[in-house]
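User: Hi! I'm new to this one, could you walk me through it?
Analyst: Happy to. Let's put it up on screen and start with how strands pair.

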Amino acid sequence: MSERVARSALLVAFLVLTAPALAEPSVTILDLPFRAKALRGPGSEVAIAVATSGLLPLARSRNPNPTGIEQEAPIVVVWGDGGGAALSLVDGRVATTLLGAEAIEGLAAAETPRGALPSSRRAVSGPLSAYLANPVPGLAGGPEQAASLVIRERQPVAMGGDPKPVPIVATTLAAAPDTAFALRRPRIAQFAEKPVIVAVTVTTTGASELALFGRAPADAKPDSKPGVPWSLLARSPAQETGPGGQPLKPAGIADFAGAGQPQIAAVANPEGAGLLQLWALESGALRRVHEAPGYTNVSPGEGEVDLAALVEPERAGPPELALPVADRSALAILVLKDGIRERLRIPLPGLAAFGLASLGRGPAARMLVGLADGRIAVVTP
């Protein structure tokens, strides 16, 4: 071996030995003086309400070097019987600002507006909101369902003069004949730069379907322009559930493939085998493009909680999806581009139960998981 080759080999060995090891995923428990029972992620109605309510500047921080939380900064809000807290990401660490549980619960009451089903939550995006109303007995003998999907749109108000009430246009949609809306929170998304609402319907046999509501395309008919009535745009094929089984549940809506078109991630048979499915809108129909077993986004007895979260990339690119494995004992980070691939599986110190949210982007992201015993796990993937 020549002296030059030997020096090169020694240099490579030195770089390998001195390079920092790739950080392994880790899980810690957040130090909170109360047992949590609810969690809402960034962009949720509760998180926005807390960030703009004036509560944060007056709250007491538990951090040794408190920096405060900007109102526009993304936060996660947790609360329980003994207190509440706003959580933010500061210098790679989760910062905690204690809040009163009563104040948070008062703001959280807006999630269920007047006329909505008592156990449901509405979806809000800008001037648009949607919620379930008019309870009906379960068509297949299961839990209570909803007869109506209510869509409310705030209208522009002319500037100047005396203050004026904001006009609101409300639309009430019924499910298709012989179906009702499952108690699944509606989702608001953008398809082809137009707002759509994703809901779940249930048939008389207990089968469940994804239903996509929106306005007709601008070139569909002469009167199809902004302000036309909402209607059903597409519906997925019905999927049967076992006796007493739960309907499918959306887990996230995003451009998972990086192709410029949103897709819907949903879990079928969430309390059983847990089939994570990816649905795409193609030629006016919802088509299932991928499926993988072994995941869930429901928790028995915990109501309509968010047990899935998008993990946004550090730079441009498609997001990943975080959700528990079928028995809720571990958190999976999934890549949904060109199939469904599990990038990480991180064991949890308890069962995921009442919420999952993501703070930060890419390698700096932190997953916050509400565990069945009331603790909050911080997962560094």
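**Strands, sheets and a surface patch**

Analyst: A good place to begin is strand β22 (residues 330-335), which pairs with β23 in the antiparallel sense over 6 bridges. Keep in mind that this is a predicted model.

User: Which residue in β23 is the bridge partner of L331?
Analyst: That's I346.

User: What sheet do those strands belong to?
Analyst: β22 and β23 sit in an open sheet of 4 strands, in the order β20-β21-β22-β23, with antiparallel pairing. Its edge strands are β20 (309-311) and β23 (341-347), and each of them pairs on one side only. On average, neighbouring strands in this sheet are turned by 25° against each other, ignoring direction.

User: OK, now over to β19. What's the strand order in its sheet?
Analyst: The order is β16-β17-β18-β19, in an open sheet of 4 strands with antiparallel pairing.

User: And why is one side of β16 and of β19 left without a neighbour in the sheet?
Analyst: Because β16 (249-254) and β19 (285-293) stand at the edges, each has a single partner strand. The average turn between neighbouring strands here is 25°, direction ignored.

User: How many bridges link β18 and β19?
Analyst: There are 8 bridges between β18 (residues 275-282) and β19, and the pairing is antiparallel. To pick out one residue pair, Q277 has E291 in β19 as its bridge partner.

User: Let's zoom out. How many helices and strands does the chain have?
Analyst: The protein chain has 4 helices and 26 strands.

User: And how much of it is buried?
Analyst: Of its 381 residues, 45% count as buried. As for contacts with a separation of 6 or more, 51% are between residues 24 or more positions apart.

User: What about the outside?
Analyst: The chain exposes about 18700 Å², and carbon and sulfur atoms supply 56% of that.

User: Which residues make the nonpolar surface patch of about 210 Å²?
Analyst: That patch is made by V157, V166 and I168.

User: Where is V166?
Analyst: V166 lies in the loop between β9 (145-154) and β10 (168-174).

User: Why does V166 count as partly exposed?
Analyst: Its relative accessibility is 43%, and partly exposed covers the range between the 20% limit for buried and the 50% limit for exposed, so V166 falls in that class.

User: Great, thanks!
Analyst: You're welcome, enjoy exploring.

Note on methods: Residues are numbered from 1 along each chain as its sequence is written. This is a predicted model: local features need pLDDT of at least 70, side-chain atom pairs count only at pLDDT 80 or more; totals for chains, interfaces and linings use all residues. Side-chain values use heavy atoms; hydrogens and water are left out. Patches are made of residues with over 30% relative accessible area and no salt bridge: like charges are joined within 9 Å, nonpolar side chains (Val, Leu, Ile, Met, Phe, Trp, Tyr) within 5 Å. Accessible areas come from the Shrake-Rupley method with a 1.4 Å probe; for residues, only the protein chains shown count as cover. A salt bridge is a side-chain nitrogen of Lys or Arg within 4 Å of a carboxyl oxygen of Asp or Glu. Helices (H or I, at least four residues) and strands (E, at least two) are DSSP runs, numbered from the N terminus. Buried means under 20% relative accessible area, exposed over 50%, partly exposed in between (1.4 Å probe, protein chains only). Contact means heavy atoms within 4.5 Å. Two strands pair if DSSP finds at least two bridges between them. Axes are lines fitted to C-alpha atoms, for helices over the stretch in contact, and angles run from 0 to 180 degrees between N-to-C directions.
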